[in-house]
Amino acid sequence: MSTEFEATVTIDRPIDAVFTYLADGRNDPDFSPRVLEIDKSPDGATRAGTVFHSTVKDAGMRTQRDFEITELTTPTRIRWREASHNSITVREGGYDLEPDPGGGTRVRLFNVLEGHGVGKLLLPLAGGASRKDAPDFGERIKTAAERAI
């Protein structure tokens, strides 16, 4: 059982700069208030196989999350999967980037959420909340990227 949410925004920055910003998951706390801490391994440039280790707060509970980058196609595509074992995980997520005619970058973010154990019961609630927040999440990404780049 899974559910998906997505958001699309146009960031007023060039595609190469937006790709670089989004490929470094250590920037996630800039736009995701649930991310309390994050680091990556191995050090160096993000590539397929890089894992971002985070501590997040969901529904008042702190959990550890590990996201592995599964694909990077510079500057248009980033894919990840959650490697940690929680009641609700991200089976697949990603960013699709394309140049906007006005000089900015159109970014589509998506996550496919999957429930495990009791998470199967919670998945409809989590999916609904994620879909409801998706437009605001997209705007937070836009604001953070435009501020940082």
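**View 1. A nonpolar patch includes a residue of helix 2**. Patches are made of residues with over 30% relative accessible area and no salt bridge; like charges are joined within 9 Å, and nonpolar side chains (Val, Leu, Ile, Met, Phe, Trp, Tyr) within 5 Å. A salt bridge here is a side-chain nitrogen of Lys or Arg within 4 Å of a carboxyl oxygen of Asp or Glu. Accessible areas come from the Shrake-Rupley method with a 1.4 Å probe, and for residues only the protein chains shown count as cover. Val118, Leu121, Leu122 and Leu125 make a nonpolar surface patch of about 440 Å². Leu122 belongs to helix 2, residues 119-148. Helices (H or I, at least four residues) and strands (E, at least two) are DSSP runs, numbered from the N terminus. Leu122 counts as partly exposed because its relative accessibility is 38%. Buried means under 20% relative accessible area, exposed means over 50%, and partly exposed lies in between (1.4 Å probe, protein chains only).

The model is predicted: local features need pLDDT of at least 70, side-chain atom pairs count only at pLDDT 80 or more, and totals for chains, interfaces and linings use all residues. Residues are numbered from 1 along each chain as its sequence is written, and side-chain values use heavy atoms, with hydrogens and water left out.

**View 2. Seven strands form an open sheet**. The 7 strands follow the order 1-7-6-5-4-3-2, with antiparallel pairing. Strand 1 (2-11) and strand 2 are the edge strands, and each pairs on one side only. Neighbouring strands of the sheet are turned by 20° against each other on average, direction ignored. That angle is taken between axes, which are lines fitted to C-alpha atoms (for helices over the stretch in contact); angles run from 0 to 180 degrees between N-to-C directions. Two strands pair if DSSP finds at least two bridges between them.

**View 3. Strands 4, 5, 6 and 7 pair in turn**. Strand 4 and strand 5 are antiparallel, with 6 bridges. Here Ile69 has Trp80 of strand 5 as its bridge partner. Strand 5 and strand 6 pair in the antiparallel sense over 4 bridges. They form a hairpin with 5 residues between them. Arg77 stands opposite Asp96 of strand 6. Strand 6 and strand 7 (residues 105-115) are also antiparallel, over 11 bridges. Pro99 has its bridge partner, Thr105, in strand 7. The hairpin of strand 6 and strand 7 has 5 residues between the strands, and Gly103 takes a positive phi near 100° there. Most residues other than glycine have a negative phi, and most peptide bonds are trans.

**View 4. Two prolines follow cis peptide bonds**. The bond from Ser41 to Pro42 is cis, with omega near -5°. Pro42 sits in the loop between strand 2 (35-41) and strand 3 (51-58). The bond from Thr74 to Pro75 is cis, with omega near -5°. Pro75 sits in the loop between strand 4 (61-73) and strand 5 (77-82).

**View 5. Aromatic rings pair up**. The structure holds 3 aromatic pairs. Trp80 and Tyr95 have ring centres 5.0 Å apart and planes at 70°, so this pair is edge-to-face. The pair links distant parts of the chain: Trp80 is in strand 5 and Tyr95 is in strand 6 (residues 88-99), 15 residues apart. Both Trp80 and Tyr95 are buried. Rings of Phe, Tyr and Trp (its six-membered ring) pair if their centres lie within 6.5 Å; planes under 30 degrees apart count as stacked, over 60 as edge-to-face and the rest as tilted. Ring pairs also link Tyr21, Phe31 and Phe137 into a cluster.

**View 6. Salt bridges link charged side chains**. The whole structure has 15 salt bridges. Arg108 and Glu4 meet in one of 3.6 Å, N to O. This pair links distant parts of the chain: Arg108 lies in strand 7 and Glu4 in strand 1, 104 residues apart. Arg108 is partly exposed at 24% relative accessibility, and Glu4 is partly exposed at 35%. Both belong to a salt-bridge network with Glu6, Arg79, Glu92 and Asp96.

**View 7. Two further salt bridges involve Glu37 with Arg62, and Arg65 with Asp58**. Glu37 and Arg62 meet at 4.0 Å, N to O. This pair links distant parts of the chain: Glu37 is in strand 2 and Arg62 in strand 4, 25 residues apart. Glu37 is partly exposed at 47%, whereas Arg62 is exposed at 55%. Arg65 and Asp58 meet at 3.4 Å, N to O. Arg65 is buried, with a relative accessible area of 8%; Asp58 is partly exposed at 23%.
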